[in-house]
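Subject: Handover of a structure and its findings

Dear colleague,

Please find below the sequence and structure that I am handing over to you. A short account of the findings comes after them.

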Amino acid sequence: MKKLKRADRRRLSNGAKYYVELAKTSNKAFLPLFFCDKRYLVLMGGGGSGKSIFAGRKILERVYTENGHNVLVLRKVARTLRESCFRQLVSQIQEHFDISAWKINKTEMSILSPNGSRIIFAGLDDAEKLKSIYGITMVWIEEASEISLSDFNQVDIRLRGKTAYYKQIILSFNPINVNHWLKKRFFDTKDPDSMVVKTTYKDNRFLDDEAKKVLENFRDTDEYYYNVYALGNWGTSGQSIFGSRIINSRLENIPPAVKTGEFGDDGVFVENDFGCVKIYEEYTHGEEYIVGADTAGEGEDYFASQVISVSSGKQVAVIRRKYDEDYFTHQCVHICRYYGGALLAFECNYSSYPVREALRMGYTNQYLRRNEDNIARSVISSYGFRTTSLTRPLILSNLTRIVKEDITKINDRDTLSEMLSFIRTDTGRIEADRGCHDDMVMALAIAYFVREDYLSLQSGEDTPRRKYNFAFEKEGYNDEKINIL
């Protein structure tokens, strides 16, 4: 092994000492983040997790050891900075540095480090001050949940140009609402330029017992506060009918998909990272499966389908895609064949095309519902499932029971996220929270309802493979034996 030069040994020794000192005064969860050079460092967490203290400390370490920094510390409203971020940073300088070597201007709220690097404080409501700030090298946005996406984009484009050291935006916030743009921007999609970290009060070894007790008491007094500020989970504007605590617990322990991809025209599954099909459990020979499919209605809805095992009730695969009814139908038929000829139940409120196209492809193993003809008073059978004022509460009640009995049956992150934002509104209606989707939830509710039909009718003799929905719907169908609509 080559012997190190004295200067190199000295640098290594100094680096080791610096790390040891940093570790003594920092929480373990944040220690590696001092060396994170991603453009976006996203710190989500509950109250008392230490995320703001870390953000301030990282800024101070950088401006102390690196020349030429212009760090911008932001909040939505300028007047809130003095008693929060500015006061915190001055306190941290007193604790970890020789404060006499720093120049602190309390009037203008600015800090100058011994090497000339600057820290400037501004509110996003102070447009004139922001316009006058140039050469930004680093940004800390405290309480980032207070700002809009357009606010963030304006800050993001100001962090540009050639700099001696890496540029970074730190965002620290409590996850107050599952609909927030922060979740869509940094959590729902993977960004190679970002590092996302979730922490709670349990990650903060410096938090006193009284503060811990306050957070833990929310368990019995306020589920929303306990979920958001103690557990650091995404909150909703209403109460999730499935139970936010068990859903968030499952989200933290969810298994990865076995494979992701899509079916080709020949029905062969092709693996890729961007496909609309996720497989969580492969087909088991002799097992029977049900596919519930929710077709997109109006607006920004998704086409969604859920594959569940008849015997275990496990969610084994999903399809989720926007637009293209034809493509979605083909994927549904292929996944039914992939799972040994699964029973396919299309929701057909908006369109009968998927049922017709599946039949054209030769797939006849589709769910049949029974309807009462309004005129002839005869009972006829029709392909597909209809969500009505009668069937909707029935299938959702069934799904709620299944989820509360055993949440581990659900393996898909998108499905669980929709469940988290599926709430009871002030009017008492159960629906997706404003700005959220319910497509995966409804597809799963349909699949489980069809499974209940299957299991109840399977106990009878000579039960046909295609099962019936016995919730009568009074709609004027013609008197055919099997109706398409």
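The notes below cover the pocket and then two loop residues.

This is a predicted model, in which local features need pLDDT of at least 70 and side-chain atom pairs count only at pLDDT 80 or more, while totals for chains, interfaces and linings use all residues. Residues are numbered from 1 along each chain as its sequence is written, and side-chain values use heavy atoms, without hydrogens and water.

The largest pocket (an open set of points on a 1 Å grid over the protein atoms alone, where a 1.4 Å probe fits, with protein on both sides within 12 Å along at least five of seven lines) holds about 1,800 Å³ of space, a volume being the space filled by probe spheres set on the points. Its lining (residues with an atom within 4 Å of a point) comprises 50 residues, and Phe187, Asp188, Thr189, Arg413 and Asp414 lie nearest the centre. Helix 13 (a DSSP run of H or I, at least four residues) gives the most to this lining, with five residues.

Two residues other than glycine have a positive phi. Met109, with a phi of about 55 degrees, lies in the loop between strand 3 (103–105) and strand 4 (110–112), strands being DSSP runs of E with at least two residues. Met109 is buried (under 20% relative accessible area, 1.4 Å probe, protein chains only), at 9%. Glu143, with phi near 50 degrees, follows strand 6 (138–142) in the loop before helix 5 (149–158). Glu143 is partly exposed (between 20% and 50%), at 22%.

Yours sincerely
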